[in-house]
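Hi,

Here is the structure I promised to pass on to you. Have a look at it first, and then read my notes underneath.

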Amino acid sequence: MITTERLQFKYSEEREEEALRDVSVTIQDGEFVAVLGHNGSGKSTFAKHLNAILLPVGGTVYVDGIDTKDERRLYDIRQAVGMVFQNPDNQIVATVVEEDVAFAPENLGVPSAEIRKVVDWALETVGMGGYKRHAPHLLSGGQKQRVAIAGVLAMKPRCIVLDEPTAMLDPIGRREVVATLRRLNKEEGMTIVLITHNMDEAVSADRVVVMSGGGVVLDDTPRKVFADVARIKALGLDVPQVTELMYELRREGLDVPTEILTVDEAYQALKCRCISGVSG
Amino acid sequence: MLKDITLGQYFPGNSPLHRLDAMMKLLLSVVYLAVIFLIRNFYGYALLALFTFALIRLSAIPVKFVLKGLKPLLMFIAFTAVLNLFMTDGTVIWRVWFLTVTREGVAYAVAMLLRIVFLVLGTSLLTYTTSPIALTDGIERLLKPFGKMGLPTHELAMMMSIALRFIPTLLEETDKIMKAQTARGADFQSGNLLKRAKALLPLLVPLFISAFRRADELATAMECRCYRGGNNRTRLNASKIGRIDYFAGGILAVFCALILLANAA
């Protein structure tokens, strides 16, 4: 789906520091990838390269085999890879929900009857079908962000890149958005690239890419990435709360596995431990 | 408190007036306004009143609501009427001190009063029954012929609709900044005009900065959604001039003819 080869980027010619250096990542069709990193790690810069908002200074980015530097194919690239940003207020163009979702297909010159169909489908898919005629500024943060996702879905992209889509939302909104993404990935086979610094969101991904100082430092399944608690902490990141708990228990001398990501897993592990503790 | 400001005066509904195409409605409104100035006698105004009242009933908007639109203009209307009453030359029918009232003056004042009232009623009926988006769209289509002369019609319409979209967002933000500054001892309510204007400065600076940042982000988001100007753009609700619009045009034409007939009477 998307391949970056030794991707390099600088925000200005004069400055030495590189925002990205030698990033080589391949994102497969249908994958759910979380990109983690603290502020200034280059994760947002990386995201903006995936649909040619930024063009590499060195190296190349291929989307479906198209070089993002190829200006003639710019709109093919933008249509294939949709992008959702942090602040839903700053992405919504129209004063009515359905008009906003229709914005992208209108730009693409899709006939009216088909726009109607794709708008209905997109809003239904994000669970906002009942809000077609609503004014966006009266919706909650999570609802607004789902409208923004529908607005991107209406282009019928194959991949959606989300740059910290939950950073400005309350816990309920956050849950709504993450559930929507998971459903899109599972049911529609949509490739999802989720830029985040929320560890609990990263757990739901198939794969976690950790960035630091403009480069990729870890790239593996969430289980393997978060197992190395000391390393993650050294990078200025946190691990999911449950993983942290197990890590601390282990440090206190309790023999529990640390490769644990969810509360259920922790419960099972601790239950076994207690039973064996009692009988042993 | 800032949130209470209502935007536009759109009154959602599904009446025949609501269903009319926005461009057609704009055109018909212009004709209606022009007709008001053609009326010469009482019969004409009677016809106009009847027609306007019928339109209000058709729009299913409460009459009281429509009349409320006149309220802010009451002073202006009264002033114009009084001025016309005393300042017109002609046959004097009443004189007190330096004020003279003439027969022509009375007729002129009444005509002026009626004209302004119907002007306001007609235009508010347009904004009551047309959503801001539809109105923008109508304006864009009306201006289209000027596009060939280099007028960026699509861009103008886009700017208008984005401005409409961001008014509530920026109002909310202003409210937030005001509260934050009030919490730190800023005073927006008291003092003379100059003092209050000065107090607004620290409010405007962060508001502007944030507006620029929003504009930048919005531009990127629009690019991500393949925005490339008005060329080859389609619309979700492709507005077509339909049967109902021709019908409305016909009715207005009949109305114009009746007014001209009344003028001859």
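Below is what I found, going from chain A as a whole down to one residue, and then on to chain B.

Before anything else, keep in mind that this is a predicted model.

**Chain A as a whole**

Let's start with the overall picture. Chain A has 12 helices and 10 strands. Along the principal axes, its C-alpha atoms fill a box of roughly 70 × 50 × 30 Å. Does the radius of gyration fit? What you'd expect for a compact globule of 280 residues is a value near 19 Å, and chain A comes out at 21 Å, which agrees. As for burial, 48% of the 280 residues of chain A count as buried. Now take the contacts in chain A with a separation of 6 or more: 62% of them come from residues 24 or more positions apart.**The sheet**

One part of chain A to pick out on screen is an open sheet of 4 strands, with the order β2-β1-β4-β5 and antiparallel pairing. Its edge strands are β2 (20-27) and β5 (66-67) of chain A, each of which pairs on one side only. Further in, strand β1 (residues 2-9) of chain A runs antiparallel to strand β4 (residues 58-63) of chain A, and 5 bridges join them. If you'd like one pair to look up, Thr4(A) stands opposite Val61(A) in β4(A).

**Two domains in chain A**

Chain A is divided into domain 1 (2-236) and domain 2 (240-280). Taken over C-alpha atoms, the centres of domain 1 and domain 2 of chain A are separated by 34 Å. Where they touch, 8 residues come from domain 1 of chain A and 6 residues from domain 2 of chain A. On the domain 1 side, the elements giving two or more residues are α8 (199-202) and α9 (222-227) of chain A. Of these, α9(A) gives the most, with 4 residues. Sorted by class, that side of domain 1 of chain A has 6 nonpolar, no polar and 2 charged residues.

**One residue to zoom in on**

Try clicking on Gly37(A), which sits in the loop between β3 (32-36) and α1 (43-49) of chain A. Is Gly37(A) buried or exposed? It is buried, because 25 other C-beta atoms lie within 10 Å, and 20 or more is the cut-off for that. Which residues does Gly37(A) contact, leaving aside its neighbours within four places in sequence? They are Gly42(A), Lys43(A), Val210(A), Met211(A) and Ser212(A). You can also check a distance here: the C-alpha atoms of Gly37(A) and Ala179(A) are separated by 22 Å, and these two residues are 142 residues apart along the chain.

**Chain B, and where it meets chain A**

Chain B is also split up, into domain 1 (2-130 + 240-264) and domain 2 (142-224). The C-alpha centres of those two domains of chain B lie 34 Å apart.

Now for the place where the chains meet. Here 26 residues of chain B are in contact with 35 residues of chain A. On the chain B side, the elements that give two or more residues are α7 (132-147), α8 (153-183) and α9 (193-224) of chain B. The most come from α9(B), with 8 residues. By class, the side of chain B that touches chain A has 13 nonpolar, 5 polar and 8 charged residues.

Have fun turning it around on screen!

Cheers

How values were computed:
Residues numbered from 1 in each chain as written. Chains lettered and ligands numbered in written order. Predicted model: local features only at pLDDT ≥ 70, side-chain atom pairs only at ≥ 80, totals over all residues. Contact = placed C-beta atoms within 7 Å. Nonpolar A, V, L, I, M, F, W, Y, C, P; charged D, E, K, R; others polar. Pairing = 2+ DSSP bridges. Domains from an automatic or database assignment. Rg over C-alpha atoms; globule rule 2.2 N^0.38 Å. Buried ≥ 20, exposed ≤ 12 C-beta atoms within 10 Å, placed from the backbone.
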